[in-house]
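Hi everyone, thanks for coming. I'll take a few minutes to walk you through a structure that's new to most of us, so let's get it up on the screen.

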Amino acid sequence: MAQRPEDERFMAEAIRLSRAHLGLTSTNPSVGCLIVKDGVVIGRGVTAVGGRPHAEPQALAEAGEAARGATAYVSLEPCSHYGKTPPCAEALIAYGVARVVVSVTDPDQRVSGRGINMLRDAGIEVDTGILETEGRRSLAGYLMRQTRNRPYVTLKLAISADGMIGKTGEGQVRITGDAARADVQMLRAESDAILVGIGTAIADDPELTCRIPGLEDRSPLRIVIDEQLQLPLGSKLVQTARKYPVIAVAAHPPSFDDNTDAAFLGRRAALDAAGVEVLQSNASELGELLEALGTRGVSSLLVEGGAKTAQRFLDADLVDRILLFQGPADIGKGGIESPITKSNIPASFMHIGRSRFGDDLCDEYERGF
Ligand code: AOF
Ligand code: ZN
């Protein structure tokens with residue numbers, strides 16, 4: 001059957017609901033599900049924190065008997081496999097749902113179309129691809145990790161009106177206002193991990209946590225590219241490492257001679273004792289690092305700078321989305337130039353939206369798949 005006029009509205013709501021647990025469901029996608037009857041929402045579910053239960057059984061339980069003959073809207077194809085929970089397609093069948101509307105089909109090899117077939121075989125009407133672009137955006141981390149075993153990378157930069165990201169020797173410079181900063185805190189909450197280079201870690205002494213009251217626990221895994229392990233033991237990152245995990249990505253020791261090696265090993269032991277995990281990866285190979293992060297379950301990574309790190313990710317073609325915040329003031333003399341401004345966004349990116357936060361603007365660019 002064809003799509004109905006209300007389908008996009010309810011799917012938009014299911015996708016909005018799914019966003020509530022972004023960054024909280026581990027390797028499982030955060031999926032949203034609505035059960036709708038006679039135009040009224042009678043059940044809603046979002047994949048639980050930690051990844052289980054899935055969205056559908058929760059929405060069905062809320063709807064109860066009334067789910068019979070209703071329509072289910074799901075941002076991802078219902079699963080067909082016996083994993084840690086029974087198949088959601090089976091639950092939809094058991095509750096007697098008449099129609100299932102899906103945004104994105106599931107690339108998980110255990111599912112991949114089987115969920116939809118199970119429903120159809122049971123006589124349920126299924127429509128797919130509703131608001132698929134929006135659905136794919138909400139599942140971007142999951143889809144990237146499933147298909148390429150690496151996290152989806154968002155590069156976030158805040159630039160001044162004259163295209164600078166900071167001022168030499170001045171640590172953190174205020175470029176955007178409170179509303180834009182609050183949005184960045186939310187981005188952190190939605191991300192599995194956040195990454196900066198050692199230059200920024202030293203110059204800015206950032207905390208990289210989510211400080212929205214009540215959402216502190218949604219702080220992402222904090223990663224510093226720190227080839228020679230220069231992260232100061234007194235830095236906020238190290239000082240808070242026992243509460244919110246920190247990984248320092250060091251180079252492999254063979255790149256050092258024997259003397260530096262001993263000093264390096266000393267710094268490694270000190271960081272280790274302070275609760276920082278030292279990951280030795282070939283840091284010049286960012287792809288290798290991202291694969292290691294994918295393997296340990298990181299699906300979304302927010303790169304927050306500085307200029308050198310941003311440039312390295314761009315050069316390696318490992319940026320999937322750019323969020324370019326721009327404040328109204330100039331920095332002028334002594335400014336550190338941003339590797340990217342509105343006028344030199346790589347051609348492979350498409351401008352997909354602009355938001356305003358007080359006096360600041362945020363332009364969003366997405367790389368074509
Ligand atoms: C759904 N609804 O809300 C989610 C789904 O380890 P398991 O058993 O939980 O299975 C994980 C897989 O389940 C995951 O890779 C994806 O295919 C699907 N996630 N499916 O029907 C949900 N989160
Ligand atoms: Zn499921």
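Before I get going, one bit of vocabulary: I'll count Ala, Val, Leu, Ile, Met, Phe, Trp, Tyr, Cys and Pro as nonpolar, Asp, Glu, Lys and Arg as charged, and the others, Gly among them, as polar. With that sorting, the residues of the shell around ligand 1 come out as eight nonpolar, seven polar and seven charged. And please keep in mind that what you're looking at is a predicted model.

Okay, let's stay with the ligand. How many residues surround ligand 1? There are 22 of them, and the closest are Thr47, Arg52, Lys84, Asp106 and Asp108.

Now for some polar side chains. His54 puts a polar side-chain atom 2.8 Å from an oxygen atom of ligand 1. His81 does something along those lines, with a polar side-chain atom 3.1 Å from a ligand 1 oxygen. Then there's Tyr142, where an N or O atom of the side chain sits 3.1 Å from an oxygen atom of ligand 1. And how much of ligand 1 does the protein bury? On its own the ligand exposes 520 Å², and the protein buries 96% of that. If you're looking for secondary structure here, the elements giving two or more residues to the shell are helix 2, at 55-63, and helix 6, at 140-148.

Let's zoom out to the domains. The protein is divided into domain 1, residues 7-138, and domain 2, residues 150-366. Taken over C-alpha atoms, their centres are 34 Å apart. Where the two meet, nine residues of domain 1 are in contact with eight residues of domain 2. Between them the domains bury about 650 Å², with 41% of it on carbon and sulfur atoms. Which three residues supply the most on the domain 1 side? That would be Leu22, Gly23 and Arg137, with 53% of the area that domain 1 buries against domain 2.

Last stop, a few backbone details. Remember Arg52, from the list of closest residues? The peptide bond from Arg52 to Pro53 is cis, with omega near -5°, and Pro53 belongs to the loop between strand 2 (40-46) and helix 2. There's another cis bond from Gly305 to Gly306, with omega near 0°; Gly306 is in the loop between strand 12 (300-303) and helix 12 (307-315). Finally, Ser112 isn't a glycine, yet its phi is positive, near 35°. You'll find Ser112 in the loop between strand 4 (99-104) and helix 4 (114-121).

That's my tour, thanks for listening.

Definitions and conventions:
Residues are numbered from 1 along each chain as its sequence is written. Chains are lettered from A and ligands numbered from 1 in the order in which they are written. This is a predicted model: local features need pLDDT of at least 70, side-chain atom pairs count only at pLDDT 80 or more; totals for chains, interfaces and linings use all residues. Side-chain values use heavy atoms; hydrogens and water are left out. A residue is near a molecule or strand if one of its heavy atoms lies within 4 Å of it. A polar contact is a pair of N or O atoms within 3.5 Å; within protein, one must be able to donate a hydrogen and the other to accept it, and residues adjacent in sequence count only if both atoms are side-chain atoms. Accessible areas come from the Shrake-Rupley method with a 1.4 Å probe; for residues, only the protein chains shown count as cover. Helices (H or I, at least four residues) and strands (E, at least two) are DSSP runs, numbered from the N terminus. Domain bounds come from an automatic or database domain assignment. Contact means heavy atoms within 4.5 Å. Buried area is the accessible area (1.4 Å probe) that two parts lose on being put together, summed over both.
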